[in-house]
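Okay, thanks everyone, let me get the model up on the screen. I'll start with a polar contact and then move over to some rings.

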Amino acid sequence: YEVRLSERRRARFEVNGQQERSQAYRLPPMSQKNWEGQLGACGYINKAKVQAEVKEVLYQTKSLQPVVEAFVFNDGKMTNLLTLKGTIPIYYKGHQYNIPVKLCITKEYPQKAPIAYVTPTKDMRIHRGHPNVNESGSVYMSYPIWQGGSNLVTLIIALSESFSKKPPVYRATTAQRRPPQYRQQPQQAFPVARPVARPVQAPNPYVAAVNQYEQQQQQRRRQQLQQQQQQQQPVQHPSTNLYQTSNPYADPKAQRKEQLLRKAREALTTNTIERLSAQTEEINRLIDYEFKLKQNKLTLARGKAEMEHEKKLLETSIAAMDTQNKTLNTWISENKNKDVDVDAAIDGRDTWSKQILDEVAKDSAIEDALYALDKALEDGRITLDVFLKQVRRLSKQQFQHRALTHKIMEQQQQKRAMEM
């Protein structure tokens, strides 16, 4: 009975432990309701789409969980964004691995793609020179399918396929996890006499005073020797001691070899830095040229489009002028030997054209009348009161004629546009 009871307790303990471990990696229901409640305060443009796609991701991927947290952009601005944290599975050389990632959903989603990061644990390191992930963990892989019908699920699938070809992280060894330690130069030890077993005697005050004096002298000489050694050796950074040896009994050939290796290493480092700086400057210069060429290309394309549009307008105007020229030449040839009444020769094609001619003629007549009133006032033939009264009356009529002319022209333009 006691054995069965212990087995039941052990089984219950194992079940409870499994439940606790499973709950540790699962977001509680209150937290899921919490991110849905905080989603409205984030200011998303398309909140419904974001909420629906995140729920779809949570349904298909159990290893990602939503969290609303602060996000700092490169320009220093801070905002709250909905972030999916967790891992995505990859398959590399026949084995499954889980890559820790973080997907920050932008407020312009889905017009703008989410911001992805690889978040390695303390036992992981990011591969230097990875084609899609830099050393800070930012994912800068090109994602062209985002411009149509893409969502969070397709993004996670694209990341999994890309990381399966070359994983962005690797497990760090114990030496890589340990912080760097600098090697100190060994100091020359002073000879110390070994203790000798002697019979116990009564302490002699004179002998004790002499021994204390000798110890003080030895300590003083030791300090002086250390000060001389420190004055002779220049102070160096701890990193320079990594490739130095201070053992006076070392092989001279080995020391010479180490010195040559150190000089070669320094020369290669200096040469590499110089070449890198020169290549960086050249790359920046070429990037500037590329940017200028693209700007000039856009300017030329814009100018070409404007010139083509202007060419079409000129061709249309030339065709209209040719038509009018032919019409005038035909009319002149037909009425060359006829007596033409000037007032009857020019007439409107329709009612609006005739009305415009009348209004323009009245406007010109009023303009001539105003000019005549001005000359009469200068000559003193009319008084100022009469001048102002007539000018007010004629200006009012001129304004009405011009307003009617503009209104008829607008109607004609609308009619012409509808016919085209």
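Quick bit of vocabulary before I zoom in: when I say polar contact, I mean a pair of N or O atoms within 3.5 Å, where, within protein, one has to be able to donate a hydrogen and the other to accept it. And keep in mind this is a predicted model.

So, stop one is Asp363, which sits in helix 9, residues 351-379. Which side chain does the side chain of Asp363 make a polar contact with? That would be Gln398, at 2.8 Å. If you leave out residues up to four places away in sequence, Asp363 touches Gln398 and Arg402. Asp363 has a relative accessible area of 16%, so we call it buried, the cut-off being under 20%.

Okay, over to the rings. Searching the whole structure turns up two aromatic pairs. In one, Phe71 and Phe73 have ring centres 4.9 Å apart and planes at 80°, so that's edge-to-face. Phe71 is buried at 9% relative accessible area, while Phe73 is partly exposed at 31%.

Then there's Phe71 with Tyr117: centres 6.3 Å apart, planes at 45°, so the pair counts as tilted. Phe71 is in strand 1 (residues 64-72) and Tyr117 in strand 4 (residues 115-118), so this pair ties together parts that are 46 residues apart in sequence. Put together, the ring pairs link Phe71, Phe73 and Tyr117 into a cluster.

Last thing, staying on Tyr117: its relative accessibility is 21%, so it goes down as partly exposed. And what lies over the face of Tyr117? Lys102, at 5.5 Å from the ring centre.

Methods: Residues numbered from 1 in each chain as written. Predicted model: local features only at pLDDT ≥ 70, side-chain atom pairs only at ≥ 80, totals over all residues. Heavy atoms only, no water. Helix = DSSP H or I, 4+ residues; strand = E, 2+ residues; numbered from the N terminus. Buried < 20%, exposed > 50% of the residue type's maximum accessible area, 1.4 Å probe, protein only. Contact = heavy atoms within 4.5 Å. Phe/Tyr/Trp six-rings, centres within 6.5 Å; stacked < 30°, edge-to-face > 60°. Lys NZ or Arg CZ within 6 Å of the ring centre and 35° of its normal.
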